[in-house]
Amino acid sequence: MEKLFCRSTYRYVCVVLYMIQTLNLAFLGLPQHPAYYVLIPYGVLLLGYEWYHRKLDGRNYSVTWLLLFLLCAAFSTFTSTYSETRSFLLLLLQGLIFLLAFAQEKGRRIYEMRQEMIRILKLVCVLSFLASFLSLLTFLFNISWTRNGAVFGLVGNRLFGVYFNCNPAAFLACMSICGSLLLLYLKSRFPYFHLANLIVQGTYVLLSNCRSAFLILLCLLMVVVFYILFKRRDYRRISNVLIALCVGFLAMFGGQAVKAGLFVIPQLQGAVFKEESRFAFDDVVELVYMIKEDPIGNAKAIYHLANDLSSRRVELYYDAYRLYRAHPITGIGLNNFQRMGQEVFYAEGLFAGSTIVHAHNLFLEVLVVSGTLGFLCFMIFLGQALVRMLENLRRYAFTPGYFIILLMSAMVSVEFAGSMLDYGVLYDYSLSALLFWIMLGYLFCINQNRKARLQRSSYAFELLSYRLLHIHYEMSVSDEAVCAQVLRRECDDAYTLCIKFTAGAAFSLIYEASYALHVEKEEARAYEQKMAEELYAIAEAEISEMIGAHLPIMSISLSD
């Protein structure tokens, strides 16, 4: 019973069912949203069980603004004449997801959260790998089938594969890449599988022809490169940024070349693709030129060109604004965008999105769904989330847990960036939307636990970098005891020591070393002697090469 009514079990079930909903169920004639009938009763029973056993932490007020947004969305949904059964089911499911992601349990330990996150990421990587691998097979064999009004495989020059839509699938692929990188960093089992997952998911992003996902993938690459340089601390920060940007630009042109080469495979089997670039750099240059030349006089031409470049999103944004203007205070409620748009505007010939079910922009979607008050509450919550993410990154800088926080924040940022142009985080169409809320909940939990340690280690410290500042030695160096003296210590981001090693009057050298601490900085001085011993042991070969003699460490007696 305890394992059944456990949030970890609920999240595992959520991941599996959301992954099923990400697939092309309509092609098989199956209902598109099976998660409602399992997750809603299960979630209600789980919350009731936790409330009965007093497991909920009532002192957690971190998600007040998100709950206020949910109340506004509930009011809009219940008062809207366009709401139907699925609108209420979606509202209830999203409310359960919010509560179980952010309402913390009493006695919840960071290590338990870390283990749960690892299991979820393993499950996500396995499921997304299978789906993306099968999708790549449909590309290799030039499969493009239509059934029940849904397309399976290649759709024009875009690979849908087994997914219902390639855009949310590409965002999920980017999040799966983050998951595999994180598991590789944590030295999880089956590293070759995660390396294969990186290749499969990266290839799917290229073949999906999703512009935003491709740019997100480039940003992920630059983040990883920046972290590697930042960790080594060999260059200044501006140099790290410039190197990461250069790698990103090279990867951009390299990715386009690889994609062009891959699309030869279905062409050899008779597929015909229209030659076009979805980035349309020439049109972007023309748009910038018209804006600089005469933005008022060219307003109509600018609108049409921007609308074409954005795949008619500008037109859709204007339709969304008109829906908001019809109900600016209360909003129209969840899952009512398509129905209200067709009834109100399609009759006038203005609403062209007969297959559009949302605004393709998170901010507009929130504004239309919950009205002005709900929008303000949601924006305050997003600001709060951004502050906490930045606090986590600052607090874990120069620690082994920094890369974990960085990739968790990247997973949140991937779906947030995707929701600016496509399926948002308020709906249940894709597993990526669920992962957004789960990871954001983890980041809130880490931020609330100020002494959280994300990576277990048997050491109280870890050497990050060191450099030689001064050396003096005479031709005859005796085997005297090595003494260490602390000349300077700093406790800003990393614990930095300036240590002088001496062996009588014939030998002295000064090193500056930077350490990551697994203990509080107030406790660091108790480990300074061990730090000095570790530094000397690591630099011993370097010292022997410089002075032409081997000077073994006899003993270290640390003094200020």
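# Notebook: helix pairs and two buried loop residues

I began with helix α1 (residues 7–22) and helix α5 (residues 110–140), whose axes come within 10 Å and cross at roughly 15°. Angles under 35 degrees count as roughly parallel, so I put α1 down as roughly parallel to α5. The crossing of this pair is right-handed. I should add that I am working from a predicted model.

Next I listed who makes the contact. From α1 I noted Arg 7, Ser 8, Arg 11, Tyr 12, Val 15, Val 16 and Met 19. From α5 I noted Glu 116, Arg 119, Ile 120, Leu 123, Val 124, Leu 127, Ser 128 and Ala 131. Sorted by class, the contact of α1 with α5 has 9 nonpolar, 2 polar and 4 charged residues.

**The whole chain**

I stepped back for an overview. The protein has 18 helices and 8 strands. Of its 560 residues, 52% count as buried. I also looked up how contacts spread along the sequence: among those with a separation of 6 or more, 74% join residues 24 or more positions apart.

**A second helix pair**

I then turned to α4 and helix α17 (residues 431–448). Their axes come within 8 Å and cross at roughly 30°. That angle makes α4 roughly parallel to α17. Here too I wrote down the handedness: α4 passes α17 in a right-handed crossing.

Which residues of α4 and α17 meet? On the α4 side I found Gln 94, Ile 97, Phe 98, Ala 101 and Phe 102. Facing them in α17 are Leu 434, Trp 437, Leu 440, Gly 441 and Phe 444. By class, I have 8 nonpolar, 2 polar and no charged residues in the contact of α4 with α17.

**Ser 80**

I went on to the loop between α3 (64–79) and α4 (85–102), where Ser 80 sits. Is Ser 80 buried or exposed? Its relative accessibility is 15%, and buried means under 20%, so Ser 80 counts as buried. A polar atom of its side chain lies 3.1 Å from the backbone oxygen of Ile 332. Setting aside residues up to four places away in sequence, I have Ser 80 touching Ile 332 and Asn 336.

**Asn 336**

Those contacts led me to Asn 336, in the loop between α13 (313–326) and α14 (337–344). With a relative accessible area of 0%, Asn 336 is buried.

What does the side chain of Asn 336 reach at 2.6 Å? I found the backbone oxygen of Ile 332 there. That backbone oxygen is also the one I had noted 3.1 Å from a polar side-chain atom of Ser 80. The Asn 336 side chain makes a polar contact with the side chain of Ser 87 as well, at 3.0 Å.

I closed this entry with the neighbours of Asn 336. Leaving aside those within four places in sequence, Asn 336 is in contact with Ser 80, Tyr 82, Ser 83, Glu 84 and Ser 87. Ser 80 belongs to the loop between α3 and α4.

**A last look at α12**

I finished with helix α12 (residues 299–309). Its buried residues are Ile 302, Leu 305, Ala 306, Asn 307 and Leu 309. Following α12 comes Ser 311, and I noted that its phi is positive, near 55°.

Conventions
Residues are numbered from 1 along each chain as its sequence is written. This is a predicted model: local features need pLDDT of at least 70, side-chain atom pairs count only at pLDDT 80 or more; totals for chains, interfaces and linings use all residues. Side-chain values use heavy atoms; hydrogens and water are left out. Helices (H or I, at least four residues) and strands (E, at least two) are DSSP runs, numbered from the N terminus. Buried means under 20% relative accessible area, exposed over 50%, partly exposed in between (1.4 Å probe, protein chains only). A polar contact is a pair of N or O atoms within 3.5 Å; within protein, one must be able to donate a hydrogen and the other to accept it, and residues adjacent in sequence count only if both atoms are side-chain atoms. Contact means heavy atoms within 4.5 Å. Axes are lines fitted to C-alpha atoms, for helices over the stretch in contact, and angles run from 0 to 180 degrees between N-to-C directions. Angles under 35 degrees count as roughly parallel, over 145 as roughly antiparallel, 65 to 115 as roughly perpendicular and the rest as oblique. A crossing is left-handed if the near helix is turned anticlockwise from the far one by less than a right angle, and right-handed if clockwise. Ala, Val, Leu, Ile, Met, Phe, Trp, Tyr, Cys and Pro count as nonpolar, Asp, Glu, Lys and Arg as charged, and the others, Gly among them, as polar.
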